[in-house]
Amino acid sequence: MTDVLRYAAFTTEPTGGNPAGVVLDARGLDDQTMQKIAADVGYSETAFLTEGPDSTGARPVRYFSPKAEVPFCGHATVATAVALAERIGAGDLVFSTPAGIVPVAVDDELRATLTSVEPYVEPAGELTDVLDILGWREDELDPALPSRIAYAGARHLILSTATRQRLAELDYDFDRLLAYMLERDLTTLQLVWRENPTTFHVRDPFPVGGVVEDPATGAAAAAFGAYLRELGLDRPTITLHQGDDLGRPSLIQVELRPGDNRVRVSGNAVPITAPE
């Protein structure tokens, strides 16, 4: 029987953050079995370490949502790194993901910092359809934060609203948004309200994973860091609040270092003692 661990990532409380399944030994599991385990767990993603460290020390990892495999998942990476650190000690890890190599450092307080793959940012294109799906109006967007598609392991459409209330009132057509995102190879929407230049509140619909909304999305946080850099709005450290509207508050720290295009995303993770 496969041993599935459960962790809440980007929180210090089991009732906060984003729950992730973690399988530290997935050797011998085929795609169908991993997909079934992820569906049975029911969290937005479950991470599977499919082999031990290779000759370079990298550990191959794959990520499955309840509906499909995804190329990269930040919160499941943080959860997996903390689960390993609890067993082998704090230090530096390297994960070989479908999106590329992702180093993760875990400190003595079991706070994990992942370094993204090389990011990119591109135009978002016409927004009429997605705004209609969300029930948003164009005049409710923040003109200082124009829409873009950003990638740091997975693709995310970033849309910024001018008010916290608009973000809090999120309600969308699940099937229409699913079709829209599949057509554009999007993993989530990163919906944003800017509190100040270093503090943002975000929400992430995730219908392609069979989940209405993610309470913490590390991959989107990394992509958002690249987006801010592209717009010249970057700061050394950015704080993202996510999950508050779902009753699972999450805290994600984004770090942007001069001379390095990659984005660092940090957070805690704690065990969940029983399935929710």
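Which residue is the bridge partner of alanine 9 in β17? In this predicted model, the partner is alanine 269. That pairing belongs to a set of three bridges that join β1 to strand β17 (residues 263–271), with the two strands running antiparallel. On β1 there is also a pairing with strand β2 (residues 18–23), again in the antiparallel sense, and here five bridges are found. Within this second pairing, tyrosine 7 stands opposite alanine 20 of β2. Strand β1 itself, residues 5–9, is mostly covered, with four of its five residues buried. As a reminder for reading such strands, side chains in a regular strand alternate between the two faces of the sheet.

Helix α6 (residues 218–230) offers a similar picture of cover. Of its 13 residues, 11 are buried. Among them are Gly218, Phe224, Gly225, Tyr227 and Leu228, together with a run of alanines from Ala219 through Ala220, Ala221 and Ala222 to Ala223. The length of the helix can be checked as well: with a rise of 1.5 Å a residue, the 13 residues of α6 should span 18 Å, and the end C-alpha atoms lie 19 Å apart, which agrees. Just after α6, glycine 232 takes a positive phi of about 75 degrees. On the other side, threonine 217 sits in the loop between β14 (211–214) and α6. With a relative accessibility of 6%, threonine 217 counts as buried. Apart from residues up to four places away in sequence, threonine 217 touches Thr188, Asp204, Gln242 and Ile252.

Helix α6 also takes part in aromatic packing. A pair of aromatic rings is described by the distance of the centres and the angle of the planes. In total, six aromatic pairs are counted. In one of them, the ring centres of tyrosine 172 and phenylalanine 174 are 6.3 Å apart and the planes meet at 20 degrees, so the pair is stacked. Tyrosine 172 is buried at 13% relative accessibility, whereas phenylalanine 174, at 27%, is partly exposed. Phenylalanine 200 and phenylalanine 224 make an edge-to-face pair, because their planes stand at 75 degrees, with the ring centres 5.0 Å apart. Since phenylalanine 200 lies in strand β13 (residues 199–206) and phenylalanine 224 in helix α6, this pair ties together parts that are 24 residues apart in sequence. Phenylalanine 200 is buried, with 1% relative accessibility, and phenylalanine 224 is buried too, at 0%. Phe200 and Phe224 form one aromatic cluster with Tyr227. A ring can also receive a charge: the charged end of arginine 184 sits over the ring of tyrosine 180, 3.7 Å from the ring centre.

Charged side chains add further links. Side chains of opposite charge can pair when their charged atoms come close. The model holds 18 salt bridges. One of them joins glutamate 122 to arginine 155, at 2.9 Å from N to O. Because glutamate 122 is in strand β9 (residues 120–123) and arginine 155 in strand β11 (residues 155–161), the pair ties together parts 33 residues apart in sequence. Glutamate 122 is partly exposed at 26% relative accessibility, while arginine 155 is buried at 15%. A second salt bridge runs between aspartate 245 and arginine 203, whose closest N and O atoms are 3.8 Å apart. This pair links distant parts of the chain, 42 residues apart: aspartate 245 lies in the loop between β15 (237–242) and β16 (250–256), and arginine 203 in strand β13. Here aspartate 245 is partly exposed, at 33% relative accessibility, and arginine 203 is buried, at 6%. Arginine 257 and glutamate 255 form another salt bridge, with the closest N and O atoms 2.8 Å apart. Arginine 257 is partly exposed at 39%, as is glutamate 255 at 23%. In addition, salt bridges with shared partners join Arg137, Asp139, Glu140 and Arg166 into one network.

Finally, the loop between α3 (128–134) and β10 (148–151) contains leucine 141. Leucine 141 is buried, at 15% relative accessibility. Leaving aside neighbours within four places in sequence, leucine 141 is in contact with Leu127, Leu131, Trp136, Ser160, Thr161 and Ala162. Between the C-alpha atoms of leucine 141 and asparagine 196, which are 55 residues apart along the chain, the separation is 16 Å.

Terms used:
Residues are numbered from 1 along each chain as its sequence is written. This is a predicted model: local features need pLDDT of at least 70, side-chain atom pairs count only at pLDDT 80 or more; totals for chains, interfaces and linings use all residues. Side-chain values use heavy atoms; hydrogens and water are left out. Rings of Phe, Tyr and Trp (its six-membered ring) pair if their centres lie within 6.5 Å; planes under 30 degrees apart count as stacked, over 60 as edge-to-face and the rest as tilted. Buried means under 20% relative accessible area, exposed over 50%, partly exposed in between (1.4 Å probe, protein chains only). A charge sits over a ring if NZ of Lys or CZ of Arg is within 6 Å of the ring centre and within 35 degrees of the ring normal. Contact means heavy atoms within 4.5 Å. The expected span of a helix is 1.5 Å times one less than its number of residues. Two strands pair if DSSP finds at least two bridges between them. A salt bridge is a side-chain nitrogen of Lys or Arg within 4 Å of a carboxyl oxygen of Asp or Glu.
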